[in-house]
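The exercises below ask you to read secondary structure, burial and strand pairing from a model of two chains, and each task is followed by a solution that proceeds step by step. Try each task on the coordinates before reading on.

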Amino acid sequence: MDGSHRAFDRLPHAPGIGYKPQHFNALRADPHPVEWIEVHAENYMGDGGRPLAQLSALSEQFPLSIHGVGLSIGGEGPLDTDHLARLKKLCDWAKPASFSEHLAWSTHGSEFLNDLLPLPYTEATLARVAAQIDQLQSTLNRRILLENPSSYLAFEESDLSETDFLTELAHRTSCGFLLDVNNVFVSSTNLGYEPLAYLRAFPTEHVGEIHVGGHDADHDDQGAPLLIDSHGTPVDNQVWQLLGETLALTGPKPVLVEWDNDVPDWAVLRAEAARVAALLPA
Amino acid sequence: MTSQRAFREALLNPATPVPDGLCDGKGQSAGRRYAVYRNNVTVSLKEAMVTAFPLVRKLIGRQLFDQLATEFVRAHPPRTPLMMAYGAELPRFVENAPTFKHIGYLGDAARLDLAMRASYHAADADPLTAAALSEMEPEDLWQSHFKLAPATRILRSPWPLFDIWQYNMVPDAPKPQPVQQDVLITRIDFDPAPLALPAGGADWLAALDAGTPFGAANDLIFGCVPEFDLAACLTLALTAQALISPSSKEPK
């Protein structure tokens, strides 16, 4: 695989999709496919077979974003050096235009819990996460993008806002951000703040990529709305509106449609990406 | 402070109360909000089990599999972020679980599911071909060393394991017969497939993979399995692309 050709070293300011193997043939056959794709790093850590063959072929056709879901950057314990080595091997091989991970934890001791678990926003968390981002960036020898979480609850001990926390992280580590607009909508609904106020306080100058995706609606013990970041439905109209408002603040960016559960046919996903295109300046 | 230890403690055990120090946006106790994480963890791990163990699920049905998966993910959370490797403890788990241990072959069914997935993700390799063998002088062939391809797996079972797989996963397949079957799993291109190995086949392939020269491996197996059919085993191994030649070049 030769990553040096064309302008595949950066994601275009255009719609992309979260790639699913069942779309391989349709995506390759589409005369007007999306302009870039994103894959979950952990699905491409085998030694060979179909996943790596598909990724190799796709990386010849599309700029690639590799999105890690398993590193546990916010974990109280040290980063898993075996997993860091796997990420480095994958990035060295696939030469993605972008690598991103989550502001979350998922590993505790020797257990991996397979979910993005929340963090209190304190100086102690900040120092720990900054050190782990430094370690990741020096291992991969690249600047990473960190994704803002979907929150269902808050920590009493938090004494920083999420946006102040992220701003200070960028200051300390020079990392960039993957701004997930659906997560902003979900968190602001769940915790009762204004999404636009959050976006205005967000360090938008460091945003390298934007996500949108679907969510489900539930409620908490008091009957207050509780939105779940499920990636199993079309993007909500209010999230589309918030994406427009986000792009007005950030300027044009690579925007990804995520659909990970109950994955629809390629045509449906392609239509969601077309809605992104309509919001991006030509 | 809410430590990650406390947060984790209540995740996989619904009887444990919601950890202290968690709230909604107005300072009320988190309650049901914490259950979102509890649900995400359990559901995502159970979905990984559904993907990983199609034969086990077919054998015991959706409802019992759901119960099995719930018990298993609590007892054996993943040890690495590589979910493609999750579930290695399931064969022993079902063999020891009171609900399932009467289904004697369920452990081997889980081993077959694990081997199929390992084969799917194994490294690519150029197979040993009949054409390559036919070009060799007989004495060179007799001295040759062959290895199992990275995607090849061998399962030895006291159960009709191949028949059980076929009957449950292939439409209109015959009912399993009461025989012991060793199973060979190989991958041509991208999709692993199982085959029943003839008598002595598993030992023969294992001997080759352990570095025994071709001729010596044949003699070894003839010595202990009189009905060993070399031609049948060799044809099967070549057709299924089970072998590689260690001297052949690594694929790019």
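**Exercise 1. Which residues of chain B are covered by the UniProt annotation "domain: Putative DNA-binding", and what is the helix and strand content of that span?**

Step 1. According to the UniProt record, an unreviewed entry, the annotation "domain: Putative DNA-binding" covers residues 4-94 of chain B.
Step 2. In this predicted model, the span of residues 4-94 of chain B is 59% helix and 2% strand, and its end C-alpha atoms lie 31 Å apart.
Step 3. For the chain as a whole, the secondary structure of chain B comes to 11 helices and six strands.

**Exercise 2. Compare the radius of gyration of chain B with that of a compact globule of 252 residues, and then describe its box and its contacts.**

Step 1. A compact globule of 252 residues would have a radius of gyration near 18 Å, whereas the value for chain B is 23 Å.
Step 2. Along the principal axes, the C-alpha atoms of chain B fill a box of roughly 80 × 45 × 30 Å.
Step 3. Of the 252 residues in chain B, 47% are buried.
Step 4. When contacts in chain B between residues at least 6 apart in sequence are considered, 64% of them join residues at least 24 apart.

**Exercise 3. Determine the strand order of the open sheet of three strands in chain B, and identify a helix that lies across it.**

Step 1. The order is β3-β4-β5 in chain B, with antiparallel pairing.
Step 2. The edge strands are β3 (153-155) and β5 (191-197) of chain B, each of which pairs on one side only.
Step 3. Neighbouring strands of this sheet are turned by 25° against each other on average, direction ignored.
Step 4. Three bridges join β3(B) to β4 (residues 182-188) of chain B, and Ile154(B) has Leu184(B) as its bridge partner in β4(B).
Step 5. Helix α5 (residues 106-121) of chain B lies across β3, β4 and β5 of that chain, running at about 25° to β4(B).

**Exercise 4. Trace the closed barrel of eight strands in chain A, and explain why β9(A) is largely enclosed.**

Step 1. The barrel runs β1-β2-β3-β4-β7-β9-β10-β13 in chain A, with parallel pairing, and the twist averages 25° from one strand to the next.
Step 2. β9(A) is joined to β7(A) by three bridges and to β10(A) by four bridges, running parallel in both pairings.
Step 3. Phe177(A) in β9(A) is the bridge partner of Leu146(A), and Phe177(A) also stands opposite Val207(A) in β10(A).
Step 4. In a regular strand the side chains alternate between the two faces of the sheet. In β9(A), Gly176(A), Leu178(A) and Asp180(A) are buried on one side, and Phe177(A) and Leu179(A) are buried on the other.
Step 5. Because five of the five residues of β9(A) are buried, this strand is largely enclosed by the rest of the structure.
Step 6. Further along the barrel, four bridges join β10 (residues 207-213) to β13 (residues 255-258) of chain A, with Val212(A) paired to Val257(A).
Step 7. Two helices can then be placed: α8(A) lies across β9, β10 and β13 of chain A, at about 170° to β10(A), whereas α9 (residues 266-279) of chain A lies across β1, β10 and β13, at about 145° to β1(A).

**Exercise 5. Test the span of helix α4 of chain A against the expected rise, and examine what surrounds this helix.**

Step 1. At 1.5 Å a residue, the 18 residues of α4 (residues 123-140) of chain A should span 26 Å, and the end C-alpha atoms are indeed 26 Å apart, so expectation and model agree.
Step 2. Buried residues in α4(A) include Leu126(A), Val129(A), Ile133(A) and Leu136(A), and the elements covering the buried residues of α4(A) include α3 (81-94), β4 (98-102), β7 (145-147) and α5 (162-173) of chain A.
Step 3. After α4(A) comes Asn141(A), with a positive phi near 55°.
Step 4. Ile144(A) lies in the loop between α4 and β7 of chain A and counts as buried because its relative accessibility is 0%, under the 20% cut-off.
Step 5. Among the residues that Ile144(A) touches are Ile133(A), Leu136(A) and Gly176(A), and its C-alpha atom is separated by 7.8 Å from that of Phe177(A), 33 residues apart along the chain.

How values were computed. Residues numbered from 1 in each chain as written. Chains lettered and ligands numbered in written order. Predicted model: local features only at pLDDT ≥ 70, side-chain atom pairs only at ≥ 80, totals over all residues. Heavy atoms only, no water. Expected span 1.5 Å × (residues − 1). Buried < 20%, exposed > 50% of the residue type's maximum accessible area, 1.4 Å probe, protein only. Contact = heavy atoms within 4.5 Å. UniProt positions renumbered as here; feature names shortened; annotations may be inferred. Pairing = 2+ DSSP bridges. Axes fitted to C-alpha atoms, helices over the stretch in contact; angles between N-to-C directions. Rg over C-alpha atoms; globule rule 2.2 N^0.38 Å. Lists of a residue's contacts leave out its neighbours within four places in sequence.
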